[in-house]
Amino acid sequence: VQLQASGGGLVQAGGSLRLSCAASGRTFSSYTMGWFRQAPGKEREFVAYITSTSTTYYAASVKGRFTVSRDNAKNTVYLQMNSLKPEDTAVYYCAASKVGTASLKLYDYWGQGTLVTVSS
């Protein structure tokens, strides 16, 4: 599975962005798709995931503001980010796993990342 993330950019606090992650391969629908982020000087952290049956799970820091969704016909997963805060500034990565998990160690495939910058 190859993943290509896009949609990052510069936005003011309180604004919105939608990230996309396009996947190659015919088995996309069988994978849990996760979003992670890494801020400068910090470790990569879990943001959200959506399983093959569209069960979702969010980190506490983004719950209620971010929404993860998927379109299996387009082999694409999305991350809608609303009410953005400066602390959401990070490189955002999509990843694929065979299990529903927030542990980045259990993700087998990773995209290249897309930068989100939220100005105050």
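**An all-strand chain, piece by piece**

S69 stands opposite Y78 in β8. That pair gives a way into a predicted model, where local features need pLDDT of at least 70, side-chain atom pairs count only at pLDDT 80 or more, and totals for chains, interfaces and linings use all residues. Residues are numbered from 1 along each chain as its sequence is written, and side-chain values use heavy atoms, with hydrogens and water left out. The quick summary: the protein chain has zero helices and eleven strands (DSSP runs numbered from the N terminus: H or I of at least four residues for a helix, E of at least two for a strand).

**Overall build**

- Read from the N terminus, the protein chain goes β-β-β-β-β-β-β-β-β-β-β.
- Its C-alpha atoms fill a box of roughly 40 × 25 × 25 Å along the principal axes.
- The radius of gyration, taken over C-alpha atoms, is 13 Å for the protein chain, which agrees with the value near 14 Å that a compact globule of 120 residues would have (the rule being 2.2 Å times the number of residues to the power 0.38).
- Of the 120 residues in the protein chain, 44% are buried (under 20% relative accessible area; exposed is over 50% and partly exposed lies in between, with a 1.4 Å probe and protein chains only).
- Among contacts (heavy atoms within 4.5 Å) with a separation of 6 or more, 56% in the protein chain come from residues 24 or more positions apart.

**The β1-β3-β8-β7 sheet**

- Here four strands form an open sheet in the order β1-β3-β8-β7, and the pairing is antiparallel (two strands pair if DSSP finds at least two bridges between them).
- β1 (3–6) and β7 are the edge strands, each with a single partner, so one side of each has no neighbour in the sheet.
- β7 and β8 are joined in the antiparallel sense by six bridges, and the S69–Y78 match from the top of this briefing puts S69 opposite a residue of β8.
- In the loop between β7 (66–71) and β8 (76–81) you'll find N75.
- N75 has a phi near 55°, a positive value in a residue other than glycine.
- At 19% relative accessibility, N75 counts as buried.

**β4 and its partners**

- Strand β4 (residues 32–38) is mostly covered, with six of its seven residues buried.
- One antiparallel partner of β4 is β9 (residues 90–97), joined to β4 by seven bridges; G34, for instance, has A95 in β9 as its bridge partner.
- β5 also pairs with β4, again in the antiparallel sense, over five bridges, and M33 has I50 in β5 as its bridge partner.
- β4 and β5 make a hairpin with six residues between them, and G41 in that turn has a positive phi of about 80°.
- As a general reminder, side chains in a regular strand alternate between the two faces of the sheet.

**After β5: S54**

- S54 sits in the loop between β5 (45–50) and β6 (56–58).
- The phi of S54 is positive, near 70°, in a residue other than glycine.
- S54 counts as partly exposed, because its relative accessibility is 44%.

**Rings**

- The structure holds nine aromatic pairs (ring centres of Phe, Tyr and Trp, the last by its six-membered ring, within 6.5 Å; planes under 30 degrees apart are stacked, over 60 edge-to-face, the rest tilted).
- One of them is the tilted pair F46 and Y49, at 5.8 Å centre to centre with 55° between the planes; both F46 and Y49 are buried.
- Y49 also forms a tilted pair with Y57, at 5.6 Å centre to centre and 35° between the planes.
- The partners in that second pair fall into separate burial classes: Y49 is buried, with a relative accessible area of 12%, whereas Y57 is partly exposed, at 45%.
- F46, Y49 and Y57 belong to one aromatic cluster together with F36, Y93, Y107 and W110.

**Charges over rings**

- R70 lies over the face of F28, at 4.7 Å from the ring centre (the cut-offs: NZ of Lys or CZ of Arg within 6 Å of the ring centre and within 35 degrees of the ring normal).
- K98 lies over the face of Y31, at 4.3 Å from the ring centre.
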